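Me: I'd like to learn how to read a model like this one, feature by feature. Can you take me through it?

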Protein chains: 2
Amino acid sequence: MDLSERQLQILQAIITDYVENAEPVGSRSIAKKYDLGVSPATIRNEMSDLEEMGYLTHPHTSAGRVPSDKAYRLYVNSLMKKKNLSAKDKKLINDRLSASRDEFDRTIRHAAELLSEITNLASFAMTPATNDETISFIRLMPVEEKTIILMIVSESGSVTNTTLRLPVPCTAESLELLSKNMTVNYRGRTLDDVLKNEIIEDVGSDIEALAALRGNVMPSFIRTLEDMLNVNLYMEGMTNIFNLPEYSSIDRARDFMELFAQKDWFTQKMLARDDGVVVTIGEENDSLKDCSLITASYHVDGRLVGKIGVIGPTRMKYDEVTSIMEYLTNNLSESFRLTDGSETGDGSG
Amino acid sequence: MDLSERQLQILQAIITDYVENAEPVGSRSIAKKYDLGVSPATIRNEMSDLEEMGYLTHPHTSAGRVPSDKAYRLYVNSLMKKKNLSAKDKKLINDRLSASRDEFDRTIRHAAELLSEITNLASFAMTPATNDETISFIRLMPVEEKTIILMIVSESGSVTNTTLRLPVPCTAESLELLSKNMTVNYRGRTLDDVLKNEIIEDVGSDIEALAALRGNVMPSFIRTLEDMLNVNLYMEGMTNIFNLPEYSSIDRARDFMELFAQKDWFTQKMLARDDGVVVTIGEENDSLKDCSLITASYHVDGRLVGKIGVIGPTRMKYDEVTSIMEYLTNNLSESFRLTDGSETGDGSG
DNA sequence: TATTAGCACTCATCATCTGAGAGTGCTAAT
DNA sequence: ATTAGCACTCTCAGATGATGAGTGCTAATA
């Protein structure tokens, strides 16, 4: 049962009005503000039908109508028109991101900050999942007699390291040897692959001292690989939601904040979402039943996929927010394109 | 004008009761619950005097009394008795910290988690300020033709690195040479020293290619040193405060949360506090006028000083919280004592 | 002199009530 | 098919009054 042109217009008007004012919309105000050429009574009848079809709800008899999740979904899928970013916002994004372009994590954090500043909602940004990153080389370095640094470098140039203490001293030569040994062994393999398919124990055992050293290093190696898999999550603007009428009750606000206190859970959730701009509305989210969640993905070196997102009430300016996120992720992907040498890696300052 | 023994008893009783129930305390309930051997009327008179002296306040005529900041200060300084941790809490702390002892940052985060769990307040923990850390060595490593890794290792074994791209290719030998060169130059100097006293430009200029490379590396070197100075701040249990009656108003809750959204500002504030267990109450804090803040410091390798802290309403169980923090920081300092080789640096798992 | 009982008084809180206003839903006219 | 008219419903804000906790003062008491 498709909606008539007029019904769509009315629904659109109600959504626009409700998103703006956060108050149930009455037939009279629609008739007055939006020039639909019909009387409030007609609009009332249509509203009644729309409610029957599940697009509107009714807080109580004598209140106006409020759009349902279904209405927002329809809006996002068909009604919504693409919005152009204001020149001001574009400038803001360009300026702020370029200032930190060569520092990966800082840039990601700035993206989250920008997103919450421009949208006035809660936002997050996370570094890419690195399951498919491949190992480039492994290096062991002496610090003190029994202290060494273990360093793993991935193909995309990201580095993770750990400092570890050995039960017995070791020589610089044996560290060098084991470094080469491990590099040969693991170079080109993905983190997931190495972590899942356990450790191969058959290399280097011809020299006993080396085998012992290897035994001491392996647990740290594995743990460091796990560290490498961790994505960093930056959250910003959580307090913005306090300014919204839907969170004026302390309980609502608490529920909201508590969701984000569980960072690990949240990260997993976000990683699982599809790439590209994805909008989920109200009940479509498992938790967050009265929130909408918009995520978008950016690319690093054209491959790795990181995510940014915005969380707010279902009453949200979907058109604006999606546009901002599209612009922002394009900008990020552009920043993180490593194919040619135009970026020197150190800033001008 | 000193307080009489009886006045102290009454004040103590009021504080105990108010901390427990968060409601203004009346003379009758004091007389009933705490066996002071005097009638409500006498207590009323004393309360009136205490109010005149600024130890109590009066929300309105017919309400009971509430302790003022001054009262809490007196309590913390003289009245409070040291509390023993419950065996349960001790076990919790021992178990949870030992599980992550060899991973520095993780341990710090766990400390913050523990603190908020046990106190049911908001907590934070931060890694030590590293101004006085000295540089141990600097290493440059090739990744690809024009991509290299810059790595700085401090005396205490902490490592910071950055990946940078050069405008022109460089040889492994020149990287090696510059590494040595820089290490000789900076070894033993503190981060602060190096950052403040600008860069010495007179070394290695005898080889032109090396000087050029050095010019390309220095900006990243400085930035990486700055990174090294950054302390990590972990905040936990922010949502705990929603359960407290003093934050049942959305405005209060918002103010509270907004303070902690400014992480940099907060970090600076906390770094500036004295070492040891420090309690500041209400107005004694610049911002946070109706909060109390308790911080304590732990030591790494007996030298570097990190901080943990708890933030809550002035109505707080000062005795319990300070005890917990003392126990926790002792435990942390113990964990981070690096003097002998008993710790292998890699876990048993 | 210090303490206490007694009592009038104050004030917040809660439940109840009221009128105003917004908005609907239905019916009958256009 | 649309619209005007009107009764009806329900929320909201303000007013009212009862309740009860707790004080502050006074006069009696040990």
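Reply: Let's start with the domains of chain A, whose bounds come from an automatic or database domain assignment. That assignment gives domain 1 (5-79), domain 2 (87-129 + 230-343) and domain 3 (135-228). The C-alpha centres of domain 1 of chain A and domain 3 of chain A are 63 Å apart.

Me: Before we go on, what ground rules apply?

Reply: This is a predicted model, where local features need pLDDT of at least 70 and side-chain atom pairs count only at pLDDT 80 or more, while totals for chains, interfaces and linings use all residues. Residues are numbered from 1 along each chain as its sequence is written, chains are lettered from A and ligands numbered from 1 in the order in which they are written, and side-chain values use heavy atoms, with hydrogens and water left out.

Me: Which residues come nearest to DNA strand D?

Reply: A residue is near a strand if one of its heavy atoms lies within 4 Å of it. For DNA strand D there are 21 such residues, and Arg6(A), Thr42(A), Thr61(A), Ser62(A) and Ser27(B) come nearest. Looking from the DNA side, 78% of the atoms of strand D within 4 Å of the protein belong to sugar or phosphate, and the rest to bases.

Me: Which elements supply the surface near DNA strand D?

Reply: Helices (H or I, at least four residues) and strands (E, at least two) are DSSP runs, numbered from the N terminus. Here α3 (40-52) of chain A and α3 (40-52) of chain B each supply at least two residues, and α3(A) gives the largest share, four residues. For classes, Ala, Val, Leu, Ile, Met, Phe, Trp, Tyr, Cys and Pro count as nonpolar, Asp, Glu, Lys and Arg as charged, and the others, Gly among them, as polar. On that scheme the surface near strand D has five nonpolar, twelve polar and four charged residues.

Me: And what about DNA strand C: which residues come nearest there?

Reply: Of the 21 residues around strand C, it's Ser27(A), Arg6(B), Thr42(B), Thr61(B) and Ser62(B). Sugar and phosphate make up 75% of the strand C atoms that come within 4 Å of the protein. The largest share of the surface near strand C, four residues, is from α3(B), and the class count is four nonpolar, 13 polar and four charged.

Me: Where should I look for polar contacts with the bases and phosphates?

Reply: A polar contact is a pair of N or O atoms within 3.5 Å. Try Arg44(A): a side-chain N or O atom is 3.3 Å from a base oxygen of strand D, and a polar side-chain atom lies 3.0 Å from a base nitrogen of strand C. For Arg44(B), look for 3.1 Å to a base nitrogen of strand D and 3.3 Å to a base oxygen of strand C. On the phosphates, a polar backbone atom of Ser39(A) is 3.1 Å from an oxygen of strand D, and the side chain of Arg6(B) has an N or O atom 2.8 Å from an oxygen of strand C.

Me: Now the sheet. In what order do the five strands run?

Reply: Strands of a sheet pair through backbone hydrogen bonds, either parallel or antiparallel. Two strands count as paired if DSSP finds at least two bridges between them. In chain A the open sheet has the order β7-β3-β10-β9-β8, with antiparallel pairing. Its edge strands are β7 (233-236) and β8 (278-281), each pairing on one side only.

Me: How many bridges join β9 to β10 in chain A?

Reply: Ten, between residues 291-300 and 304-313. One to find by eye is Thr295(A), whose bridge partner in β10(A) is Gly309(A).

Note on methods: Polar contact = N/O pair within 3.5 Å; in protein donor to acceptor, adjacent residues only side chain to side chain.
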